[in-house]
Amino acid sequence: MGNLRCGVRFVSWFGLALLGWPGVGWPAGPAADEVAARVNGTVISRTAVRAVVQGLAAARDAAPDAKQIEQLSRDALDSLIAFELLYQESQRRSIGVSEADIDAEVEHTKGRFASGEDYAAALAQRRLSVEDVRRDTRKTLAVNRLLEQTAWQGIEVSSAQVRRFYEENREQFKRPAEIRASHILVRGGQEAAAAERASAQQRVQALLAEIQGGADFAALARQHSQDPATAATGGDLGFFSRGTMEPAFEQAAFALKPGTVSSVVQTPYGFHLIKVTDQRPAGYAPLAEVQADVSALLRDEEKRRRQDQLVAKLKQQAQVELLPLLKPSPKPKAAPATKR
């Protein structure tokens, strides 16, 4: 039930623009016709609103229509105004952020990219400089610290609250039959040369012979598997249900009993050996298994409620000027008069 865990935290402009997260941020020096709002004189640009909308739209399964875009734009502007109000309050309270903290946060974001080159390319694509990213990261960390010191303090979730949510939302915890499996992958997919595929298949056959001779599956996975995501954990893929893996892999895995190992299985990734380590029938996840996620969800909901209260209070004390989000369409030019 990991999908219950949502987390409440403002993310940086960089995170919004590059990773598609719903966050906040704005470029410097917007033109007058690009102003969407002013918060105590500080400008929020239409460019910032569009960036938030793009981040929200990217998280959807289907592209939003014009009406949905309009609603997303209003939500985006509300988010940006809230962020600016909270940031200004953090500065009023002299909440500081060190360069080391910014370094750590930027490195965390960079780590979500496959390489430093991909990170640099994403910056270039969005026309963001390193200074832009650091400036927005500083603001984002300051806002989060303000919330941690004020609205988010002292939140507790009782076991009774967790149980009540679990019982009232039982269908959220329904799950299909699942198995837990580990695998060893030797790459030699369809794009590989015939000789390379043959060599990969021979290597997997040799590993299968070792396993049948008593060798430890997990140890061989750590040593030989070419799946970087699972090799270090002995090839463990965790629990999964039907419809989540390559068809050939899935068919072989679900045919196994716990503790048994497949013959060689070929997929577009290469050649696999699969070992099923556990299984669980369809049903409802027990409370003990999901209580940590439920507790986190309820804590996050309370954080949002208190955060909204703080923003509402700050808004009452602020001067917020809203301008049209969309540029007015130009009036059509009058047709030139024709001589009779």
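**Note on helix α7 and the cores**

1. On helix α7, Glu-167 and Glu-168 are exposed (over 50% relative accessible area, 1.4 Å probe, protein chains only), and they sit on the face turned away from the buried side of the helix. Helices are DSSP runs of H or I with at least four residues, strands are runs of E with at least two, and both are numbered from the N terminus.

2. This is a predicted model, in which local features need pLDDT of at least 70 and side-chain atom pairs count only at pLDDT 80 or more, while totals for chains, interfaces and linings use all residues. Residues are numbered from 1 along each chain as its sequence is written, and side-chain values use heavy atoms, without hydrogens and water.

3. Val-162, Phe-165 and Tyr-166 of α7 (residues 159-168) are buried (under 20% relative accessible area). Seen down the axis, the buried residues of α7 fall within an arc of 100° (taken from the directions from the helix axis to the C-beta atoms), so they line one face. They pack against α11 (contact: heavy atoms within 4.5 Å).

4. The largest nonpolar core (buried Ala, Val, Leu, Ile, Met, Phe, Trp, Tyr and Cys joined through side-chain atoms within 4.5 Å) has 39 residues. Those with the most contacts inside this core include Ile-44, Leu-77 and Leu-147. Among the elements giving two or more residues to the core are β1 (35-39) and α11 (287-316). Helix α3 gives the largest share, 10 residues.

5. A second, separate core has 13 residues, including Ala-200 and Leu-273.

6. Overall, the protein has 11 helices and 9 strands, and 41% of its 340 residues count as buried.
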